[in-house]
Amino acid sequence: EKIMAEDSAVKVCVRVRPLIDVNLTLMLVWRINYKYLLFFLITIFILDRVFTSHETTDKLYQTIAKPLVVSTVQGYNGTIFAYGQTSSGKTFTMMGCDKTPGVIPLAVEDVFQTIQNEFLLRVSYMEIYNETVSDLLVDSWKRKPLEVRETLNVICQHCKEDEE
Ligand SMILES: Nc1ncnc2c1ncn2[C@@H]1O[C@H](COP(=O)(O)OP(=O)(O)OP(=O)(O)O)[C@@H](O)[C@H]1O
């Protein structure tokens, strides 16, 4: 199935989550306060793919993550991350549960199905929360924010040029 545009290195997809009880209550409250004048701010986003609330995590994985997993095993770099407000379904999509495994366990399974012979596999598990990057493989009591570097060198390119 060829759904995604081939020409961009970055793909942006949206997954619509089904409504949960809290949302229904909030919608009811909103309807009661309907007397207020409403302004709609319309913003247009161009997306590579929208997954409806009826589409499964497995479908999402096969469409957007599997091709990346395959090319990563061939030596290319790839990143998949979920972004969204609280309760939007990031954990559901990325971790899932025993019944509905998420992108991470599906990818790990695929990687181990694909690799043969000797293979070096490095794994990092990070979270960006409130602009802070944390290593989730470190015990929470020992965890310190990770430093973000824009180059491999500790000295930035501009400072280096000034020094020369
Ligand atoms: N596509 C989905 N289908 C069914 N249930 C979903 C779906 N996405 C999320 N949910 C449910 O919605 C709730 C919130 O989802 P989840 O915990 O994944 O959100 P989150 O984005 O990780 O939130 P937080 O940022 O607070 O950690 C959970 O109960 C989860 O099971």
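Before selecting anything, consider the chain as a whole: of the contacts in the protein with a separation of 6 or more, 52% are between residues 24 or more positions apart, where two residues are in contact if their C-beta atoms, placed from the backbone, lie within 7 Å. What you have open is a predicted model, in which local features need pLDDT of at least 70 and side-chain atom pairs count only at pLDDT 80 or more, while totals for chains, interfaces and linings use all residues. Residues are numbered from 1 along each chain as its sequence is written.

Colour by secondary structure to begin with, and you should find five helices and four strands, arranged along the sequence in the pattern β-α-β-α-α-α-β-β-α. Helices (H or I, at least four residues) and strands (E, at least two) are DSSP runs, numbered from the N terminus. Of the 164 residues, 7% count as buried; a residue is buried if 20 or more other C-beta atoms lie within 10 Å of its own, exposed if 12 or fewer, and partly exposed in between, with the C-beta atoms placed from the backbone.

**Helix H2**

Select residues 57-73, which form helix H2, and follow the axis to Ala 65, where there is a kink of about 50°, shortly before the proline Pro 67. The bend at a residue is the angle between axes fitted to the seven residues ending there and the seven starting there. Ala 65 is also one of the buried residues of H2, together with Thr 57, Tyr 61, Ile 64 and Val 69. If you then display the surroundings, the elements that cover these buried residues include strand S1 (13-15), strand S2 (49-51), helix H3 (90-94) and helix H4 (103-114).

Still in H2, pick Leu 68, which counts as partly exposed because it has 17 C-beta neighbours inside 10 Å. Leaving aside neighbours within four places in sequence, Leu 68 is in contact with Gly 78 and Ile 80, and its C-alpha lies 7.9 Å from that of Thr 79, a residue 11 places away in sequence. After H2 comes Gly 75, with a positive phi near 110°.

**Helix H4 and the core**

Next select H4, whose 12 residues should span 16 Å at 1.5 Å a residue, in agreement with the 16 Å between its end C-alpha atoms; the expected span is 1.5 Å times one less than the number of residues. Its buried residues are Val 103, Leu 106 and Ala 107. Looking down the axis of H4, you will see these buried residues within an arc of 95°, so they line one face of the helix; the arc is that of the directions from the helix axis to the C-beta atoms. Turn to the face directed away from that buried side, and you will find the exposed residues Glu 109 and Phe 112. The cover over the buried residues of H4 includes H2 and H3.

Now show Tyr 61, Ile 64, Ala 65, Val 69, Val 103, Leu 106 and Ala 107 together, for these seven residues make up the largest nonpolar core. A nonpolar core is a set of buried Ala, Val, Leu, Ile, Met, Phe, Trp, Tyr and Cys residues joined through C-beta atoms within 7 Å. H2 and H4 are the elements that give two or more residues to this core, and H2 gives the most, with four. Centre the view on Val 103, which, not counting residues up to four places away in sequence, touches Thr 57, Tyr 61, Ala 65, Ile 80, Thr 93 and Met 94.

**The annotated site and a last loop**

Select Gly 84, Gln 85, Thr 86, Ser 87, Ser 88, Gly 89, Lys 90 and Thr 91, where an unreviewed UniProt entry places the feature "binding site"; UniProt positions are given in the numbering used here, feature names are shortened, and annotations may be inferred rather than shown by experiment. Ser 87 belongs to the loop between H2 and H3 and has a positive phi, near 70°, although it is a residue other than glycine. Ser 87 counts as exposed, because it has 12 C-beta neighbours inside 10 Å. Ser 88, in the loop between H2 and H3, is partly exposed, with 15 other C-beta atoms within 10 Å, whereas Thr 91 is in helix H3 and is exposed, with 12 such atoms within 10 Å.

Finish at Glu 131, in the loop between strand S3 (126-129) and strand S4 (132-135), where phi is positive, about 65°, although the residue is not a glycine. With 7 C-beta neighbours inside 10 Å, Glu 131 counts as exposed.
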